[in-house]
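User: Please take one part of this model and look at it closely, residue by residue where that helps. I would like the helix that follows the loop examined together with whatever it touches or leads on from.

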Amino acid sequence: MFFDDVFIIARIVLFFIATPFIYKALQALDLSRIFKANSSDQIRFIYMVVSIILGYLFIDALISLFENMNALL
């Protein structure tokens, strides 16, 4: 159906929009105390992986909510 395609496209587009915002928000956390000195590449990698995971979970929850609301109509 048409609405299924819209939700899939919205899920992909919103994922790529939300992930950089989550990455910027995670940069507010100070992980330098946990890692050794000069390990900024490792910290950036962890931020990137966590932001991708959180971005997927956030957008999946949001789109699932819209899909359930659409099913009720």
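Analyst: What follows is a close reading of helix H2, set first within the chain and then taken together with its salt bridges and the loop before it.

The model is predicted, and its secondary structure comes to two helices and zero strands. The radius of gyration of the chain is 16 Å, well over the 11 Å that the globule rule gives for 73 residues, so the chain is more spread out than a compact globule. In keeping with that description, the C-alpha atoms fill a box of roughly 55 × 15 × 15 Å along the principal axes, and 21% of the 73 residues count as buried.

Helix H2 covers residues 40–72, and for these 33 residues a rise of 1.5 Å a residue leads one to expect a span of 48 Å; the C-alpha atoms at the two ends are 48 Å apart, which agrees. A separate distance can be read inside the helix, since isoleucine 59 and aspartate 41, which are 18 residues apart in sequence, have C-alpha atoms 27 Å apart in space.

The covered side of the helix can be considered next. In H2, Ile43, Tyr47, Ser51, Gly55, Ile59 and Ile63 are buried. An α-helix has 3.6 residues a turn, so residues three or four places apart point the same way. Isoleucine 59, whose place is in helix H2, can serve as a detailed case: its relative accessible area is 3%, and because the cut-off for buried is under 20%, isoleucine 59 is counted as buried.

The open side of the helix has a character of its own. Phe45, Ile46, Val49, Val50, Ile53, Leu54, Tyr56 and Leu57 make a nonpolar surface patch of about 700 Å². Phenylalanine 45 is a member of this patch and has its place in helix H2, where a relative accessible area of 58% makes phenylalanine 45 exposed.

Charged side chains add another layer to the picture, for a search of the whole structure finds four salt bridges. Within helix H2, aspartate 41 forms a salt bridge with arginine 44, the closest N and O atoms being 3.4 Å apart; both residues lie in this helix, three residues apart, which is about one turn. Aspartate 41 counts as exposed at 58% relative accessibility, whereas arginine 44, with a relative accessible area of 45%, is partly exposed.

A second salt bridge ties H2 to the other helix, as the side chains of aspartate 60 and arginine 11 meet with an N to O distance of 3.4 Å. That pair links distant parts of the chain, with aspartate 60 in helix H2 and arginine 11 in helix H1, 49 residues apart. Both partners are partly exposed, aspartate 60 at 24% relative accessibility and arginine 11 at 22%. Arg11 and Asp60 also belong to a network of salt bridges in which Glu67 is linked with them.

The loop that leads into H2 deserves attention as well. Serine 39 lies in the loop between helix H1, residues 2–26, and H2, and with a relative accessible area of 9% serine 39 is buried. A polar atom of the serine 39 side chain lies 2.6 Å from the backbone oxygen of lysine 36. Asparagine 38, also in the loop between H1 and H2, presents the opposite case, being exposed with a relative accessible area of 82%. The backbone of asparagine 38 is notable too, in that its phi is near 60°, a positive value in a residue other than glycine.

Phenylalanine 35 is another residue of the loop between H1 and H2, and at 23% relative accessibility phenylalanine 35 counts as partly exposed. The C-alpha atoms of phenylalanine 35 and isoleucine 8 are 38 Å apart in space, while the two residues are 27 apart in sequence. A further salt bridge joins the side chains of aspartate 30 and arginine 33 at 3.7 Å, N to O; here aspartate 30 is partly exposed at 42% relative accessibility, and arginine 33 is exposed with a relative accessible area of 70%.

Taken together, helix H2 carries a set of buried residues that includes Ile43 and Ile59, a nonpolar surface patch that includes Phe45, and, through aspartate 60, a salt bridge to arginine 11.

Note on methods. Residues are numbered from 1 along each chain as its sequence is written. This is a predicted model: local features need pLDDT of at least 70, side-chain atom pairs count only at pLDDT 80 or more; totals for chains, interfaces and linings use all residues. Side-chain values use heavy atoms; hydrogens and water are left out. Helices (H or I, at least four residues) and strands (E, at least two) are DSSP runs, numbered from the N terminus. The expected span of a helix is 1.5 Å times one less than its number of residues. Buried means under 20% relative accessible area, exposed over 50%, partly exposed in between (1.4 Å probe, protein chains only). Patches are made of residues with over 30% relative accessible area and no salt bridge: like charges are joined within 9 Å, nonpolar side chains (Val, Leu, Ile, Met, Phe, Trp, Tyr) within 5 Å. Accessible areas come from the Shrake-Rupley method with a 1.4 Å probe; for residues, only the protein chains shown count as cover. A polar contact is a pair of N or O atoms within 3.5 Å; within protein, one must be able to donate a hydrogen and the other to accept it, and residues adjacent in sequence count only if both atoms are side-chain atoms. The radius of gyration is taken over C-alpha atoms; the globule rule is 2.2 Å times the number of residues to the power 0.38.
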